[in-house]
Amino acid sequence: METGTEHPHLYRFGFLATDTAGSLSRRPNERWRLETHGPLEILLHEETDVRRFDTSSGSALLLGWAFPIGEGDIETVIERVIASPESGLADQLSQLSGRFCLVLQTGQEIRVVTDPFGSRTIYYAAASPGTFASHAELLATHLEARPSAQTEAFAQTEGF
């Protein structure tokens, strides 16, 4: 991905995840670690926090940091998030704050959600389901995607 001489804060707190085993062989630099969580392989920046929560309803990976708002501890709130149907997910997520990505797995379904205010952006490509990242360039490099000709032309304009 990179040359290995990049600034240590490049993609700080970042991650790249995929459900395609063995496809994350290129790391941004040697400080990134590779972890496996269920069907996912995840490359993680050295400062990215990961916590796993397992319940009878499913499991969750917390990438980043979160804390509960109001009643209950983080475990209780995330348990409710895991158990909530899609229609009630927003209400449960509103009980968390921080800068995080939650990877929810119930049965064979994997859902990726972010904090309610969206300070943790998630990038994904419809052509590659099961792959997502914290930074667009991490995802694009992994997928070997290039900007469109229109995007490259726009980036060369004075207004850009």
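Colleague: Let's start with burial. What share of the 160 residues of the chain count as buried?

Modeller: In this predicted model, 36% of the 160 residues count as buried. The chain's secondary structure comes to 4 helices and 9 strands. Reading from the N terminus, the order of elements is β-β-β-β-β-α-α-β-β-β-β-α-α.

Colleague: And how far does the C-alpha trace of the chain span along its principal axes?

Modeller: The span is about 50 × 35 × 30 Å. As for how the chain is joined up, take the contacts between residues at least 6 apart in sequence: 45% of them join residues at least 24 apart.

Colleague: Now a helix, please. Which residues of helix α1 are buried?

Modeller: The general idea comes from the helix repeat. An α-helix has 3.6 residues a turn, so residues three or four places apart point the same way. In this structure, helix α1 covers residues 74-83, and its buried residues are Ile74, Val77, Ile78, Val81 and Ile82. Looking down the axis of α1, these buried residues fall within an arc of 140 degrees, so they line one face of the helix.

Colleague: What do the buried residues of α1 pack against?

Modeller: They pack against four strands and a helix by name: β4 (50-54), β5 (59-68), β6 (96-106) and β7, along with α2 (89-93).

Colleague: Let me try single residues in a strand. Is His37 buried or exposed?

Modeller: His37 belongs to strand β2, which covers residues 33-37. Its relative accessible area is 14%, and the cut-off for buried is under 20%, so His37 is buried. The side chain of His37 also makes a polar contact, at 2.8 Å, with the side chain of Glu35. Setting aside neighbours within four places in sequence, His37 is in contact with Ile42, Val50, Arg52 and Leu61.

Colleague: And Thr36, buried or exposed?

Modeller: Thr36 is also found in strand β2, but with a relative accessible area of 55% Thr36 is exposed. From C-alpha to C-alpha, Thr36 lies 9.2 Å from Ala21, and the two are 15 residues apart in sequence.

Colleague: Next, empty space. How many cavities of 30 Å³ or more does the structure hold?

Modeller: Here is the general idea. Rolling a probe the size of a water molecule over the atoms shows where empty space is left. This structure holds 1 cavity of 30 Å³ or more, and about 70 Å³ of space lies in the largest cavity. Our buried His37 is in its lining, together with Leu40, Arg52, Ser59, Ala60, Leu61, Val103, Gln105 and Ile110.

Colleague: Which strand gives the most to the lining of the largest cavity?

Modeller: That is β5, with 3 residues. Both β5 and β6 supply at least two residues each to this lining. By class, the cavity lining has 5 nonpolar, 3 polar and 1 charged residues.

Colleague: Then the pocket. How much space lies in the largest pocket, and which residues line it?

Modeller: About 160 Å³ of space lies in the largest pocket. Among its lining residues are Asp19, Leu40, Ile110, Val112, Ile122, Tyr124, Pro129, Thr131 and Phe132. Leu40 and Ile110 appear in the cavity lining too.

Colleague: What is the make-up of the pocket lining by class?

Modeller: The lining of the largest pocket has 9 nonpolar, 2 polar and 1 charged residues. Strands β7 (109-114) and β9 (131-133) each supply at least two residues of that lining.

Methods:
Residues numbered from 1 in each chain as written. Predicted model: local features only at pLDDT ≥ 70, side-chain atom pairs only at ≥ 80, totals over all residues. Heavy atoms only, no water. 1 Å grid on protein atoms, 1.4 Å probe; cavity = no way out; pocket = protein on both sides within 12 Å on 5 of 7 lines; lining within 4 Å. Points joined across faces, edges and corners; volume = space filled by probe spheres on them. Nonpolar A, V, L, I, M, F, W, Y, C, P; charged D, E, K, R; others polar. Buried < 20%, exposed > 50% of the residue type's maximum accessible area, 1.4 Å probe, protein only. Polar contact = N/O pair within 3.5 Å; in protein donor to acceptor, adjacent residues only side chain to side chain. Contact = heavy atoms within 4.5 Å. Arc of directions from axis to C-beta.
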